[in-house]
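I opened this one to see how the chains are built and where they meet. My notes follow in the order I looked things up.

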Amino acid sequence: MGRYVAKRLLSLIPVLFGVSLIIFFLVRMIPGTALEMYMGTQVEATPEQMEELTRLFGEDKPVFILYTEWLGDIVQGDFGCSLRTGRPVLPDIMARLPLSMELTFFSLFLALVIGVPLGIASSLHQNTFGDFLSRVTGLLGLSLPQFWLAALMVMAFSGFRGWIPMGNYVSLFEDPVRNLKMLFLPSLSIGIGFAAVVMRYTRNSMLEVLQQDYIRTAKAKGLKQRSVIYTHALKNAILPVITVTGFNVGYLLGGAIVVEEVFALPGMGRLSLYAIYQRDYPIIQAIVMIIATIFVVVNLITDIIYALADPRIRLDDTAR
Amino acid sequence: MRKSCKLFIAISILMLLGPGLFAGGASEVETVSADAEKILTIGVDQEAIGLDPHIVTAFSSHRRIDLLYNRLVRLDENLSVVPDLAESWDIPDNLTYIFHLRKGVKFHNGREMVAEDVKYSLERVLDDKTASPGRSYIALVSSIDVMDSYTVKLTLSAPLASLLNALTSNNLSIVPREAVEANTNLQKVAVGTGPFMLEEWIPDNSMTLVKNPDYFEADSPKVDKLIFRVIPESASLLSGVKSGDLDMATINDGATIRQANGISQVRVQSKPGINVRTFGFNTTRAPFDNPLVREALALAVDRDEIIALAEFGMGSPTGPIPVSAKKWALPLTELPFSAPDYNRAKALLTEAGYPDGFTFNIVCSSTYEGGLDVAQVIQNELKNIGVTAELEVVEWGVYIDRWVKRDFDSMVEIRGGSGEPDRFLYRTLHSSGGVNNFMFKDAETDRLLDLGRSQTVPEERKATYDELQKVLAEAAPVIFLYSPNENHVIGPRVTGFKQVGNGSLYYIAETSVK
């Protein structure tokens with residue numbers, strides 16, 4: 001297992017190199033430069049001023065040179081400074097990352113605790129009214145855009161003081177109750193769509209497993225219904241749910257980015273949106289690199305959990 | 001697996017209890033200290049991008065600088081120039097301005113502000129290395145001389161009748177040299193003379209300002225602490241004022257303001273702002289190189305309809321000078337080509353050689369500034385004269401790029417206006433103007449703009465700008481549509497807030513909370 005993890009972590013290097021190449025040149029292909037955004041449409045400047053600004057914004061060098069300089073810096077852990085605020089990029093991102101991660105995992109948690117039990121119940125009562133209802137609700141949850149749901153919640157709950165964070169965000173460590181209360185609605189608006197996905201996967205997977213021979217055997221030898229479902233069926237049925245969950249953490253993080261904007265949460269989402277609007281290249285690049293890393297690590301964790309849940313899967317060749 | 005099953009059930013139970021658990025906490029979380037400190041919380045939609053008054057271009061940064069720094073002179077709520085750090089001034093001739101400074105004004109670091117600071121600040125702005133957007137405002141200042149500690153003389157290389165108005169710009173705030181030298185620039189610190197001092201800044205979350213106990217205006221500011229909270233969504237801003245989390249908020253979005261009008265706990269304070277929504281042409285591209293075509297389009301545009309549909313009625317129709325600059329703006333009824341007349345528009349098109357109309361593009365963006373809503377209404381209105389407008393809706397960054405490269409047939413914009421016609425129109429429409437991206441070149445317009453900036457007798461200037469407004473309405477390189485209202489949504493605790501009209505929050509210093 002240790003060797004496997006090490007191997008997977010080593011594979012991060014080519015992945016991140018590829019990502020760095022793509023993001024660096026891609027952001028520069030978007031029309032509009034950081035300097036143009038800075039100047040906007042209202043500011044006049046002399047040619048001398050423009051020359052100075054071009055130098056300050058690092059637009060006086062060929063893009064390939066800029067790339068090698070940037071790559072050299074990040075290898076040393078220096079992600080550079082924001083073009084707009086002049087602040088170092090990394091501390092600004094790290095200050096916001098915990099909120100986005102918390103939001104992602106809270107919404108993942110909500111999705112699982114809603115989706116899995118509903119999926120099980122739905123599969124056990126197949127084609128009943130309850131099954132039908134949860135499937136339709138699931139479809140609805142799947143179809144509602146997160147930002148729309150978030151906006152709706154803001155309107156519906158704005159009368160309840162403290163339920164919608166109004167810029168006065170507190171971290172989990174400062175005040176856990178207040179923090180969780182503030183993150184509940186945002187997490188719900190992100191998680192509800194994924195809960196529908198989880199519900200559908202659990203239901204289909206359970207239906208498939210419940211028709212297998214060993215389940216019939218288990219029932220035949222007189223095991224209780226509970227034991228058949230939770231010990232025998234769910235154990236196998238949950239595997240595809242784990243896979244789909246691992247894949248989706250990245251998307252939930254993306255959802256967090258949009259929903260943070262609606263609920264005015266100071267997470268990475270707002271930072272990246274702002275950076276994209278302003279063409280603040282160092283911030284965009286650093287965020288993409290960090291998200292790519294998270295993606296790879298989460299996938300690795302998924303694989304490990306998968307192996308733990310299913311003894312038939314061996315991650316490490318040497319363990320055989 | 002049995003163990004994980006139990007865990008799963010435990011989690012499920014926790015989840016069921018979850019919302020109730022959180023709800024239970026609601027009452028004990030918010031503890032409001034009734035007496036002691038008076039705190040005003042204001043919601044804004046954008047975070048400040050740096051605080052150096054000489055460097056910033058972002059509107060959001062200016063709104064903090066309003067309260068942290070002072071200028072030589074400032075604008076009051078009627079957009080008139082009134083004393084700020086300069087108590088009074090003499091203008092012996094149209095090239096010389098002598099300012100007499102207030103005595104005993106202190107920077108936030110405790111040192112007294114003197115004439116040397118004025119000289120240092122303005123010279124820093126004029127230095128190309130500072131790359132200050134304020135440089136163009138005082139580019140005609142050739143020397144700044146300290147006459148004594150409280151008197152400073154500005155000498156111009158050419159007459160600039162709008163100089164006093166220019167000096168009200170936040171980009172020309174007075175800063176102490178030692179603070180600049182200690183921090184390279186003032187982007188992250190604030191050492192001004194303003195009514196508030198920077199206490200804490202958590203980017204993208206909040207900025208806390210505290211009362212400056214030494215502020216030179218007696219009884220000001222009236223609150224002890226001012227908290228800016230950044231909330232990008234206008235609906236969330238309104239929710240904040242409604243729930244009492246915010247005392248007031250600056251909101252642009254017309255739909256949200258209309259919603260706010262129906263809520264009893266809040267009131268909406270509005271007045272026509274100084275910005276101008278424009279529909280401008282690339283006058284070097286056919287068919288817009290033909291004035292007849294531009295006139296025809298001007299006659300097809302219905303300002304009232306645009307305001308009603310795109311701004312929910314929250315704006316005032318305007319000509320070349322923003323309607324809020326009452327001293328200068330001529331009513332639209334006195335300007336040619338400023339009321340809809342489809343028959344005449346069609347006749348003009350026929351005369352120009354387009355009897356069956358033509359097709360062109362309008363570059364716009366879905367941000368408020370990018371004016372997509374306005375472009376849609378215009379598109380519809382132009383059908384009345386057989387002209388087909390194709391909307392090119394681009395992302396905000398692309399929009400700016402197209403603007404910089406002058407790559408458009410026409411563009412819907414919002415222009416930062418001014419209560420002083422020279423400051424707005426010279427740069428916008430003089431053939432040498434820095435933001436004349438209509439590439440408009442007209443000898444008569446240039447002559448009037450040059451004349452207006454050299455005149456010092458108010459009646460003579462007024463006559464010049466009256467004529468200019470008519471010339472511009474007729475040449476129509478750009479159609480000035482309306483000035484959007486400046487809107488603040490205000491909660492029940494707040495009294496005494498006044499709007500300037502240029503977005504400034506200066507009067508927060510005179511605002512109190514119950």
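Before the domains, a reminder to myself: domain bounds come from an automatic or database domain assignment. This is a predicted model, so everything below is computed from it.

**Entry 1: domains of chain B.** I looked up how chain B is cut. Chain B has domain 1 (36–67 + 194–266 + 491–514), domain 2 (70–177) and domain 3 (276–485). I then checked domain 2 of chain B against domain 3 of chain B, and their C-alpha centres are 33 Å apart. Their contact draws on 10 residues of domain 2 of chain B and 14 residues of domain 3 of chain B. I sorted the domain 2 side by class and got 6 nonpolar, 4 polar and no charged residues.

**Entry 2: chain A overall.** What does the secondary structure of chain A come to? I count 13 helices and 0 strands. The C-alpha atoms of chain A fit a box of roughly 90 × 60 × 35 Å along the principal axes. Of the 320 residues in chain A, 38% are buried. I also looked at contacts in chain A between residues at least 6 apart in sequence: 76% of these join residues at least 24 apart.

**Entry 3: a ruler on one helix.** I picked helix H5 (residues 63–75) of chain A. At 1.5 Å a residue, its 13 residues should span 18 Å, and the end C-alpha atoms are indeed 18 Å apart, so the two agree. Just past the helix I noted that Gly77(A), which follows H5(A), has a positive phi near 80°.

**Entry 4: where A meets B.** How many residues does each chain give to the contact? Chain A gives 52 residues and chain B gives 53 residues. On the chain A side, the helices that each supply at least two residues include H3 (34–39), H6 (89–124), H9 (176–210) and H11 (225–263). By class, I find 25 nonpolar, 14 polar and 13 charged residues on the side of chain A that touches chain B.

**Entry 5: the nonpolar core.** I went for the largest nonpolar core, which has 204 residues. Among those with the most contacts inside it are Ala195(A) and Val198(A), along with Ala249(B) and Ala296(B). Which element gives the most to this core? H9(A) does, with 16 residues. I then clicked on Ala195(A) and listed what it touches beyond four places in sequence: Leu110(A), Ala111(A), Ile114(A), Gly115(A) and Gly141(A).

**Entry 6: a glycine in H12.** Gly269(A) caught my eye; it lies in helix H12 of chain A. Buried or exposed, with 25 C-beta neighbours inside 10 Å? Buried is the call for Gly269(A), because the cut-off is 20 or more other C-beta atoms within 10 Å. Leaving out residues up to four places away in sequence, Gly269(A) touches Ser100(A), Ala256(A), Ile257(A), Val258(A), Glu260(A) and Glu261(A). I also took the C-alpha distance from Gly269(A) to Val259(A): 8.1 Å, with their positions 10 residues apart in sequence.

**Entry 7: strand S1 of chain B.** Next came strand S1 (residues 39–44) of chain B. Of its 6 residues 5 are buried, so the rest of the structure largely encloses this strand. S1(B) runs parallel to strand S10 (residues 225–230) of chain B, with 6 bridges between them. Here Thr41(B) has Ile227(B) as its bridge partner. S1(B) is also joined, again in parallel, to strand S11 (residues 248–250) of chain B by 2 bridges. In that pairing, Gly43(B) stands opposite Ala249(B), and Ala249(B) is one of the core residues I listed in Entry 5.

**Entry 8: a hairpin in chain B.** Parallel or antiparallel for strand S8 (residues 196–202) and strand S9 (residues 206–211) of chain B? Antiparallel, with 6 bridges. Phe196(B) pairs with Lys211(B) in S9(B). The hairpin has 3 residues between the strands, and Asp204(B) takes a positive phi near 65° there.

**Entry 9: a covered helix.** Last, I checked helix H8 (residues 291–300) of chain B, where 8 of the 10 residues are buried. Among the buried ones are Val293(B), Arg294(B), Glu295(B) and Ala296(B). What do the buried residues of H8(B) pack against? I found strand S13 (276–281), helix H10 (342–352), helix H11 (372–382) and strand S18 (478–490) of chain B.

Conventions: Residues numbered from 1 in each chain as written. Chains lettered and ligands numbered in written order. Predicted model: local features only at pLDDT ≥ 70, side-chain atom pairs only at ≥ 80, totals over all residues. Contact = placed C-beta atoms within 7 Å. Helix = DSSP H or I, 4+ residues; strand = E, 2+ residues; numbered from the N terminus. Nonpolar A, V, L, I, M, F, W, Y, C, P; charged D, E, K, R; others polar. Buried ≥ 20, exposed ≤ 12 C-beta atoms within 10 Å, placed from the backbone. Expected span 1.5 Å × (residues − 1). Core = buried A, V, L, I, M, F, W, Y, C linked by C-beta atoms within 7 Å. Pairing = 2+ DSSP bridges.
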